[in-house]
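Visitor: Pick one part of this model and take me through it closely, please. Then work outwards, so that I can see what surrounds that part.

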Amino acid sequence: MSTTQERTVEQDLPYDVFSRACPSRGTLEHVTGRWGALTLGALYEGSFRFNELRRRVDGVSEKMLAQTLHALERDGLVHREAQPTNPPRVDYELTPLGHEVAGRLIALIECLEGRMDEVLAARECYDAERAPAV
């Protein structure tokens, strides 16, 4: 089957992220993966240059951030603007779609941060119940 035929078949199917063949699954992975979610969350705050974004997303390697930004740009969530200056300046910002998706991620992040005391208590309880008897 040619790439054009594959695209036509994909477009004719309803999108269902639970289906292995659905193209939405790859985008979901880009958005919800550790670096994708953190990158989108950071860009929700505004436009960043590459190194500013790397500092904001603490712990991400240069290579991983570049791969993440490329995937998010390809999915239409991030806009990359290269300015022909010396040295070159590249800015990253969310597209309207990216802003909508990031807003939903921010709500999840805020929910988790606000309930971390409960999460930590649950972890403690879980670990205590499963601790080997001495």
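**Starting from one helix and working outwards**

Guide: Let's start at glutamate 52, which sits in helix H4. Keep in mind as we go that this is a predicted model. Glutamate 52 counts as partly exposed because its relative accessible area is 34%, which falls between the 20% and 50% cut-offs. For a sense of how the chain folds back here, look across to aspartate 91: it is 39 residues away along the chain, yet the two C-alpha atoms are separated by 9.6 Å.

Now turn to the nonpolar core. H4, which spans 50-56, is one of the elements that come up there, so here is the core itself. The largest one holds 21 residues, and the members that touch the most others are Leu40, Leu43, Leu53, Leu69, Val78 and Tyr92. At least two core residues come from each of helix H3 (34-43), helix H4 (50-56), helix H5 (62-74), strand S3 (89-94) and helix H6 (96-114). H3 is the top contributor, giving 5 residues.

Leucine 40 is a good one to zoom in on. Its place is in helix H3, and with a relative accessible area of 0% it is buried. Skip the residues up to four places away in sequence, and leucine 40 touches Val31, Leu72, Leu77, Val78, Leu94, Val101, Ala102 and Leu105. Methionine 116, on the other hand, is 76 residues along the chain from leucine 40, with 21 Å separating their C-alpha atoms.

Valine 78 turns up in that contact list, so click on that next. With neighbours within four places in sequence left aside, valine 78 is in contact with Leu40, Leu43, Leu69, Leu72, Glu73, Tyr92, Glu93, Leu94 and Thr95. Among them are Leu40, Leu43, Leu69 and Tyr92, which also appear in the list of core members with the most contacts.

Glu93 is one of the charged names in that set, and it belongs to strand S3. Glutamate 93 is partly exposed, since its relative accessibility is 36%. Beyond the residues up to four places away in sequence, glutamate 93 touches Leu43, Ser47, Leu77, Val78 and His79. Arginine 80 lies 13 residues from glutamate 93 along the chain, and their C-alpha atoms are 6.8 Å apart.

While you're there, check the loop between strand S2 (78-83) and S3, where proline 87 lies. The peptide bond running from asparagine 86 to proline 87 is cis, its omega near 0°.

Over on helix H5 you'll find threonine 68. Threonine 68 is buried, since its relative accessibility is 10%, under the 20% cut-off. Its contacts, not counting neighbours within four places in sequence, are Trp35, Gly36 and Thr39.

On to the pockets. The second largest one holds about 220 Å³ of space. Leu38, Gly41, Ala42, Glu45, Arg56, Val57, Asp58, Ile106, Ile109, Glu110 and Glu113 line that pocket. H3 and H6 are the elements that give two or more residues to its lining, and H6 gives the most, with 4. Sorted by class, this lining has 5 nonpolar, 1 polar and 5 charged residues.

The largest pocket has a volume of about 300 Å³. It is lined by 13 residues, and Pro23, Ser24, Thr27, Leu28 and Asp75 are the closest to its centre. Here helix H2 (24-32) and H6 each supply at least two lining residues, with the largest share, 6 residues, coming from H2. The class split for the largest pocket is 7 nonpolar, 4 polar and 2 charged residues.

Last stop, the cysteines. Cysteine 22 is buried, given its relative accessibility of 8%, while cysteine 125 is partly exposed at 41% relative accessible area. If you're looking for disulfides, the structure holds 0.

Note on methods: Residues numbered from 1 in each chain as written. Predicted model: local features only at pLDDT ≥ 70, side-chain atom pairs only at ≥ 80, totals over all residues. Heavy atoms only, no water. Disulfide = S-S within 2.5 Å. Buried < 20%, exposed > 50% of the residue type's maximum accessible area, 1.4 Å probe, protein only. Core = buried A, V, L, I, M, F, W, Y, C linked by side-chain atoms within 4.5 Å. Contact = heavy atoms within 4.5 Å. 1 Å grid on protein atoms, 1.4 Å probe; cavity = no way out; pocket = protein on both sides within 12 Å on 5 of 7 lines; lining within 4 Å. Points joined across faces, edges and corners; volume = space filled by probe spheres on them. Nonpolar A, V, L, I, M, F, W, Y, C, P; charged D, E, K, R; others polar.
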